[in-house]
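Hi,

Here is the structure I said I would pass on to you. Have a look at it first, and then read my notes below.

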Amino acid sequence: MKAKDITLIALLASIMYVIYIIGSGFLYFELLNFTVLLYGVTFSKKTSYFSTLVFSLLVILTWGLAPWTVMYLVVFPVYSLIYSSLGNHIRSEYLFAAFGFILAFFCGTIIDLPYIYMAGLDYRGLVIRLLLGFQVSIINAGTTFISTLFLLYPIRKALLKSTNNQVGHLHPSVFNLD
Amino acid sequence: MENKNTKIILSLLILALMVGGFLGFTGFLKGEDGEKIIIISITNKEDNNEIMKEKAFRTTKETLGDFLEENKSELEVIMSDSQYGRFLEGLVGFNTESMMDGPWWMYSYESKSQNINMEIGNAPGVDDLGLFDGDKIHFVFTSDMDF
């Protein structure tokens with residue numbers, strides 16, 4: 001990996017961390033899932049994967065090693081790979097928004113999995129735990145859907161310009177943007 | 001223009017889904033209305049002192065948070081507001097001095113009517129815990145998070 005690659009990854013991870021910190025001030029509205037989607041379909045698979053990985057490591061460094069921070073390390077890099085693959089097959093921003101909605105909705109529940117497992121809940125307890133999470137997830141998912149519809153393509157175009165069309169760092173699909 | 005209108009209509013539909021979903025999930029978690037009996041136990045695990053054993057309280061409140069607010073003076077309740085709802089900081093004269101090191105107030109929840117049994121530390125926050133007739137809540141003051 002060249003110094004230029006490392007710099008770009010560090011910059012993207014830092015931007016993501018800032019978005020995460022700003023979003024943590026608002027319980028229900030966050031743009032972290034949208035940012036992962038944006039990186040996944042705008043940058044190359046390697047760049048978006050390592051950006052989300054470095055972001056997750058930053059979260060562990062600042063918040064400590066805990067089941068939820070470890071789950072960040074699993075969820076967001078995997079999400080970036082999923083979005084990157086989707087970017088190869090999808091052009092419609094509506095479909096991106098729909099996939100963003102689904103993945104953002106399940107994001108919180110996946111992060112909560114170690115706690116659900118450790119709690120040893122019975123059936124009713126599990127339903128309550130899931131519903132409490134869904135209260136937040138439905139709004140996160142909606143926020144991701146709306147921001148994808150309105151922000152994804154304009155930001156992709158702006159990023160394409162600002163990176164001077166550096167082929168190695170960008171997702172192949174961005175060169176087909178109208 | 002047509003594209004923009006489609007986006008706006010879809011966004012409004014999603015907003016409606018967000019509001020509807022949020023209210024639906026909240027409604028499902030609500031407690032029983034009307035008068036009910038709630039059984040409270042309180043233990044200070046720091047000095048192994050059983051402060052209250054299965055005392056019955058009559059209430060019409062639907063959540064644990066509202067029940068605690070109602071019995072604020074008798075139980076010497078101190079709660080703080082957070083973005084996640086109210087947080088229990090003090091009970092029967094024992095208060096959390098350090099949020100980092102504890103001891104904290106934790107509780108277990110048992111509801112025979114709802115067939116729910118949540119161990120200490122696994123019950124939802126006080127504003128998310130709906131109450132039903134005969135529910136048992138055991139408050140424990142402890143700095144031991146390993147349950």
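What follows is a short tour of the contact between the chains, a helix pair and two spots in the backbone.

A bit of housekeeping: this is a predicted model, where local features need pLDDT of at least 70 and side-chain atom pairs count only at pLDDT 80 or more, while totals for chains, interfaces and linings use all residues. Residues are numbered from 1 along each chain as its sequence is written, chains are lettered from A and ligands numbered from 1 in the order in which they are written, and side-chain values use heavy atoms, leaving out hydrogens and water.

Let's start with the interface. On chain A, 29 residues are in contact with 26 residues of chain B (contact means heavy atoms within 4.5 Å). Together the two chains bury about 2500 Å², with carbon and sulfur atoms giving 72% of that (buried area is the accessible area, for a 1.4 Å probe, that two parts lose on being put together, summed over both). A:Tyr94, A:Arg124 and A:Gln135 supply 22% of what chain A buries against chain B, more than any other three residues.

How many salt bridges does the rule find across this interface? Just one, between the side chains of B:Lys7 and A:Glu93, at 3.2 Å from N to O (the rule asks for a side-chain nitrogen of Lys or Arg within 4 Å of a carboxyl oxygen of Asp or Glu). Over all chains, the count comes to 11 salt bridges. The pair that crosses between chains runs from helix α1 (residues 2–28) of chain B to helix α5 of chain A (helices are DSSP runs of H or I with at least four residues, strands are runs of E with at least two, and both are numbered from the N terminus).

Next, the helix pair in chain A. α5(A) and α6(A) pack at about 145 degrees, and their axes are 7 Å apart (axes are lines fitted to C-alpha atoms, for helices over the stretch in contact, with angles from 0 to 180 degrees between N-to-C directions).

Finally, two backbone spots in chain B. B:Gly102 and B:Pro103 are joined by a cis peptide bond, with omega about 0 degrees; B:Pro103 sits in the loop between β5 (94–95) and β6 (104–111). The other spot is B:Glu76, a residue other than glycine with a positive phi, near 50 degrees. You will find B:Glu76 in the loop between α3 (72–75) and β3 (78–82) of chain B.

Cheers
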